[in-house]
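Trainee: I would like to learn how to read burial, cores and ring pairs from a set of coordinates. Can we work through one case together?

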Amino acid sequence: MSEGPPSGLAAVSAALLAMSRHLEVRDVLKTIVASARELLDAEYAALGVPDDHGGFAQFVVDGVSDAQWKAIGPLPRQHGILAAMLRDARTERLADVRKDPRFEGWPSAHPDMSDFLGLPVKDGDETIGALFLANKRCPKPEGGCGFTEEDEQLLGILAQHAAIALTNARLYERSRELTIAEERSRLAHELHDAVSQKLFSLRLTAQAAATLVDRDPARAKDELQHVVGLAAEAADELRAAVVELRPAALDEDGLVATLRTQIQVMDRAHGAHVTFDTCGIKALPAAQEEALLRVAQEALHNALRHSGAAEVRVTLDKRGPGAVLRVTDDGRGFEPHTTRRAGRHLGLVSMRDRASGAGGRLTVESAPGKGTTIEMEVPGG
């Protein structure tokens, strides 16, 4: 007997296990989107995490090649169907998204989409994302949508897990950013005590439902209701544990002033000479400013603690509508393409994730004995 595609419940179970293996937000988002596309057998899937400026802090797609995604251009803004999902927090199931009065068109390289299923990802009353699918691979009823009510229910279950996984990953990233050891320990204990047992129960319950779906559908349905309840409880506890850590100085003084102050302190506190130059920078969206600041802090930490540099130069300049940050040192350098362990030790994976999450990119130039330059570019808001 040949194996077909995984059933809905088996895919939910597999998605739970996959999500639990990832701690970086970007990896969690990719897992959620890939799982949703497989779960509902759709051609395209995407998940957007909104920022506070009418755009998306993060936007992950599945079913679109890297070349096609690059050709599409900048991240979408919050308009049309996406805006309605985020604003009204309701599910949208459409036979043809192109015929909806709220549809505002796509860039020329965007793939053509017809039937559409989208729903908000919610953490309590807060909408923290929008998850949507397009072009279900099945015969379409005349004038109808390929996505069914059952698809909608299954995607709703996955969206609840997505909220837990996303909040969990954000909590993990926040804990890495804390510099006070007691606070780091407190959050780690809260994360472990409040969430780990419920996530374990969620996995077991979903696996049990998957085994029951064929021989006892009624019990499988009861197990899925239990999954929903556990998901809601875990989300409540996570919401109580997550603390917004955007630095107060950044909110009050802006990126340039905050960087200048911190670099002046570092220059006085370390043996290396640390300088900062900037030109033409105006205010950027909050998510981009925080990402730039965090990458600058990580790169400066590496240069001052690990490189043995005598000179460290930080520049922040305007590039088109966006900005480019460079942190250059004359230290011992390393081989970024072959020294994978050093790359992780120096936080390069985290820095790349921050750049990607802000819609930008990060490049590293280094060689043994030649110093290191870390450059991060972000688009305009």
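Trainee: Is α12 largely enclosed by the rest of the structure or largely open?

Mentor: Keep in mind that this is a predicted model. For a helix, look at how many of its residues are buried, meaning under 20% relative accessible area. In α12 that holds for seven of the ten residues, so the helix is largely enclosed by the rest of the structure. The buried residues are L348, S350, M351, D353, R354, A355 and G357. After the helix comes G359, with a positive phi near 80°.

Trainee: Which elements supply the largest nonpolar core?

Mentor: The general idea first. In soluble globular proteins, nonpolar side chains tend to be buried together. Here the largest nonpolar core has 35 residues, and those with the most contacts inside it are L259, L300, V312, L316, L325, L362 and M376. At least two residues of this core come from each of α9, β6, α10, β7, β8, α12, β9 and β10. The largest share, nine residues, belongs to α10. There is also a second, separate core of 30 residues, with V25, L29, A42 and V49 among its members.

Trainee: What does M376 touch?

Mentor: Leaving out residues up to four places away in sequence, M376 touches A291, L292, V295, A323, V324, L325, R354, A355, R361 and L362.

Trainee: How many residues of α10 are buried?

Mentor: A reminder about helices: one turn takes 3.6 residues, so residues three or four places apart point the same way. In α10, 15 of the 20 residues are buried, and the helix is mostly covered. From first C-alpha to last, α10 reaches 28 Å, close to the 28 Å expected at 1.5 Å a residue.

Trainee: How are the rings of F56 and F59 arranged?

Mentor: A pair of aromatic rings is described by the distance of the centres and the angle of the planes. F56 and F59 are edge-to-face, at 5.2 Å centre to centre and 70° between the planes. Both residues are buried. They belong to one aromatic cluster with W69, F116 and F132. Over the whole structure, a search finds five aromatic pairs.

Trainee: How many disulfides are there?

Mentor: The test is a pair of cysteine sulfur atoms within 2.5 Å. The count comes to zero.

Trainee: Why does C138 count as partly exposed?

Mentor: Its relative accessibility is 27%, so C138 falls in that class. C279 is exposed because its relative accessible area is 53%.

Definitions and conventions. Residues numbered from 1 in each chain as written. Heavy atoms only, no water. Core = buried A, V, L, I, M, F, W, Y, C linked by side-chain atoms within 4.5 Å. Buried < 20%, exposed > 50% of the residue type's maximum accessible area, 1.4 Å probe, protein only. Helix = DSSP H or I, 4+ residues; strand = E, 2+ residues; numbered from the N terminus. Contact = heavy atoms within 4.5 Å. Phe/Tyr/Trp six-rings, centres within 6.5 Å; stacked < 30°, edge-to-face > 60°. Expected span 1.5 Å × (residues − 1).
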